Structure formats: C-alpha cells, structure tokens
Amino acid sequence: MIAALLFLMFLGAMLAGVPIAAALGLAGAAAIAMADFNTQWFGLLAVPQNFYAGLGKYPLLAIPMFVLVGSIFDRSGVAARLVRFAIAIVGQGPGMLPLVAIVVAMFLGGISGSGPATAAAVGAVMIAAMKRGGYPAAYSASVVGAAAATDILIPPSVAFIIYSVLVPGASVPALFAAGLIPGLLVGLALIVPAVWLARRHGMGAAESQLERPPFWASLREASWGLAAPVLILGGMRMGWFTPTEAAVVAVFYGLFVGMVVHRTIRVRDLFDIFREAGELSAVILIVVSLAGIFAFSLSTLGVIDPVTQAIVNSGLGEIGVMLLIILLLSVAGMFLDGISIFLIFVPLLWPIAQHFQWDPVWFGVILTMMVALGQFTPPLAVNLMVSCRIAQVRIEDTVRWVGWMVVAVLLVTLLVVSFPQLALWLPQRLGY
C-alpha cells in the first residue's frame, strides 16, 4: 500500500509542476514517515542521512569539474575552430555541413561530456552556417540536438560517473572505455540519415558557394582543441591521474587555451563562467541527493524485490526483458532528463540485470544509450530544446526530421544488445 502511494505521490507531484528533484525527495520522505506511524519522527532521521550520503561519493567530485570544462570550452571558441577544420577536411556540398556538425559534436564529447553544453556550443556555430547554406532551421536543430546526444557515450561522461556511483561493480575507467565504440557507432549512424535527408530534399543548395577554409591554417587554429581529449583520456590511460583529477586538469587546460592561447576569455568573464557551471552543477547534485532519499525508501519498503520477481517470472525470457527495458526507457526518456532516469530506474533494474548475470559495464552502456536517445526524442528532449531555441523553431517542427535519427540510434542500440563485445572489447583490452 505504502509502495503504491510512493509512486502516486511522485507522479502527482510531477503532474502538479513540482521539480523532479523535489518530487523525488518529498515522495521518499513521506513514504518513510508513513512506514511506521509509531516512530515516524525517528524514521525521518534517515532523510538527512541519505541526502548527505547521496552526495558523499568521491566520483561525484568530477561532475562540477566536467561541467566547468564545458562552460570554459564553450567560451573559448574551440567549437568554431573545430568546425573550420572539419569543413577544411570534408569540403562543402549537399549534406556536408550536417556531417561536420555531428563530427564536431562527437569530438566535443571527448572534452565536456555534457549534451546540452555541446548542443549550445555546436548550435551557436553550425545552425547559423547551415542557414547560410540553405538548410531549413528545423532540420538544422534536429541534427545538432541528435549529434549532441553522443556526448554522454563518448568519454568523459557525467552519466557514466553517476551510474558508477549507483552500481559499484562498474568502474569509471571501464565505463569510459566501454562507451567509446558505441558512441562512435551512434555518431556514424546519425550521419547516414542526416546526409540522406539533406540530399533527398535538395537542402544545402548554397553550401557549395561558401568559402572553404585553408587546411593548414585551420589545423593550426584547431590544434589546441584537438589536443584536449588526448590529454584527458591519454592521461587517465597512462595512470597519470584519475577521472576526477582529469576533470581538474581539463579545467586548467581549458583556461590556458581560452585566456593565453586564443585570448577569448578575460578575467572579467571568469565570474560568469563559474556562476554558470556552479548553477548547473548544483542542479545535478541536488537531484542526485534527493533521489538518494527516494532510492532508500524503495529499498526499505521492499518495492524492488517484488518488481524484480514480477518481471523475471513474466515468461518474457532474457531477450524479452531486455526489449521491455529498452521500451520502458525510450518512453521515460521522452519526459525525464537523463540523470533522473538513472536515479529512478537503476535501483529497480539492477537486480534484474543481476538475475540474468548481465555484465554491469555493458548494461550501463545500454542504459546510457537509451538516455542519449531520450535527449533528442520529443516532446521533452533537453538537447533538442537547446538547439531549437538557437534555431528559433518549435520542437514540434523537428519531428519529421528527428524521427529518422531516433530510428538510427535504436538500431545501433539493438546491435550493441546483440553483440556485447562492441562495448566490452575495449575495456577488456585495456585491462579494466
């Protein structure tokens, strides 16, 4: 009875417009209080304890730093220089600017690991360029929003850090390595419908008339940005620093590039950068901490075991359960942000994964791919919202274009489900 009220209170609070973090915390605290009326005030002592416990985890220290890295590289002009270099490589013609947008978004994923930040950085440069090239604004927003979703798969990734906190058997380095190949496959899969749609509908008629940047000059300008993922990922692989320390190194590297090399960041800009990163980090960490209360109530009320047994004994089998999970997360991704999906569903789904003896790293990659899909699947798609705001179009106008890209990512997800070594080969090769 109380378990049912827990979910009803959570859903009711969300429908009433309560922020999802507050809805998680309030529903969890109310359920804990109702679990035993005789000692409810003593039971409520678990609320502040779990609020703190949700934050008191070492890997979470990396989140504010990687968020700050995204803000710094956004302001430093690295995205614009990477775009010029990519155009210098592939040239210009129908479908080439969308290809550049996807490749640059994938590359920025190796720096910040934040989809909305990449959507903003790439969108600010590419949407205007695609408009000059003759691409519809809704199509441009769809491409940028979908491309930015690769960033939570390509390391470093905030999503993988949170998953590693929820599932102790999955280390951050192993998850980072496991996400690389699926992330690249998702990017390649997005290129196919993006280029096909552009050529089929005669987009980019004016693109070939745009000036092609000189190769060597573009390479020189982009070299500092190109070195950032090598420094971050290479340093972790060589054992020079942990993922958390890598985030700090990336911050100082980004400040050096922005303030000394490109001189696009001034001392007076630092306050705005730190404030922006602090606000976003605070939102993420508050959601994590309040979700800890919700997860504690799930475990203490005995909700997880009955749900697990019901799904395991449903007769669907291992493949059927995996498809059910994919369907569930696809629908959830349309309405919830990625962090909330992890915090709500991982405590429920992890016992199912343990029953079928699924590899925790591979399972984390599958869940993250579904979260990435949700970031550009209407009606509530955080990356798409950012790119639509830049393109000044309604999110409804993107459906005809973004639908093809959703199908492409779903196909890659099914491929990784069918062949787990696509995710597990690299971490095994690296010894994680």
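Let's start with one small detail: the side chain of Ser330 reaches the backbone oxygen of Ile326 at 2.6 Å. Keep in mind that this is a predicted model, so distances like that one are computed from predicted coordinates. Ser330 belongs to helix 16, which covers residues 317-333. Is Ser330 buried or exposed? With a relative accessible area of 16%, Ser330 falls under the 20% cut-off, so it counts as buried. If you set aside the neighbours within four places in sequence, Ser330 is in contact with Met370, Leu373 and Leu410.

Now step back to the whole chain. The secondary structure comes to 21 helices and zero strands. For 432 residues, a compact globule would have a radius of gyration near 22 Å, and the chain has 22 Å, so the two agree. Along the principal axes, the C-alpha atoms fill a box of roughly 75 × 45 × 45 Å. Buried residues make up 55% of the 432. The accessible surface comes to about 18,300 Å², and 69% of that belongs to carbon and sulfur atoms. How much of the contact network joins residues at least 24 apart? Among contacts between residues at least 6 apart in sequence, the share is 80%.

Leu153 gives a close-up of such contacts. You'll find Leu153 in the loop between helix 9 and helix 10, and at 0% relative accessibility Leu153 counts as buried. Not counting residues up to four places away in sequence, Leu153 touches Phe160, Gly179, Leu180, Gly183, Val186, Val365, Thr368, Met369 and Ala372. As a yardstick, Leu153 and Thr242 sit 89 residues apart in sequence and 19 Å apart in space, C-alpha to C-alpha.

Ala228 makes a good next stop. Its place is in helix 12, residues 215-237, and at 1% relative accessibility Ala228 counts as buried. Leaving aside neighbours within four places in sequence, Ala228 is in contact with Phe73, Ile111 and Tyr253. The C-alpha atoms of Ala228 and Ala159 are separated by 20 Å, with their positions 69 residues apart along the chain.

On to the aromatic rings. A pair of aromatic rings is described by the distance of the centres and the angle of the planes. How many aromatic pairs does the structure hold? There are twelve. One of them is Tyr163 with Phe342, an edge-to-face pair at 6.0 Å centre to centre with 75° between the planes. This pair links distant parts of the chain: Tyr163 is in helix 10 (residues 158-166) and Phe342 is in helix 17 (residues 338-355), 179 residues apart. Both Tyr163 and Phe342 are buried.

Another pair is Trp350 with Phe363, which is tilted: 6.5 Å centre to centre and 40° between the planes. Here Trp350 sits in helix 17 and Phe363 in helix 18, 13 residues apart. Trp350 is buried, with a relative accessible area of 17%, and Phe363 counts as buried at 1%. Trp350 and Phe363 also belong to one aromatic cluster, together with Phe356, Trp358 and Trp362.

Further along the chain is helix 19, residues 382-391. Which of its residues are buried? They are Asn383, Leu384, Val386, Ser387, Cys388 and Ala391. What covers them includes helix 8 (115-132) and helix 9 (137-148). Right after helix 19 comes Gln392, whose phi is positive, near 60°.

Our last stop is helix 21, residues 421-430, where Ala423, Leu424, Leu426 and Pro427 are buried. Why do these residues lie on the same side of helix 21? Because they cover an arc of only 160° around the axis. The buried residues of helix 21 pack against helix 11 (172-200), helix 18 (360-374) and helix 20 (399-418). Just after helix 21, Gly431 takes a positive phi of about 85°.

How values were computed. Residues are numbered from 1 along each chain as its sequence is written. This is a predicted model: local features need pLDDT of at least 70, side-chain atom pairs count only at pLDDT 80 or more; totals for chains, interfaces and linings use all residues. Side-chain values use heavy atoms; hydrogens and water are left out. Buried means under 20% relative accessible area, exposed over 50%, partly exposed in between (1.4 Å probe, protein chains only). Helices (H or I, at least four residues) and strands (E, at least two) are DSSP runs, numbered from the N terminus. The arc is that of the directions from the helix axis to the C-beta atoms. Contact means heavy atoms within 4.5 Å. A polar contact is a pair of N or O atoms within 3.5 Å; within protein, one must be able to donate a hydrogen and the other to accept it, and residues adjacent in sequence count only if both atoms are side-chain atoms. Rings of Phe, Tyr and Trp (its six-membered ring) pair if their centres lie within 6.5 Å; planes under 30 degrees apart count as stacked, over 60 as edge-to-face and the rest as tilted. The radius of gyration is taken over C-alpha atoms; the globule rule is 2.2 Å times the number of residues to the power 0.38. Accessible areas come from the Shrake-Rupley method with a 1.4 Å probe; for residues, only the protein chains shown count as cover.
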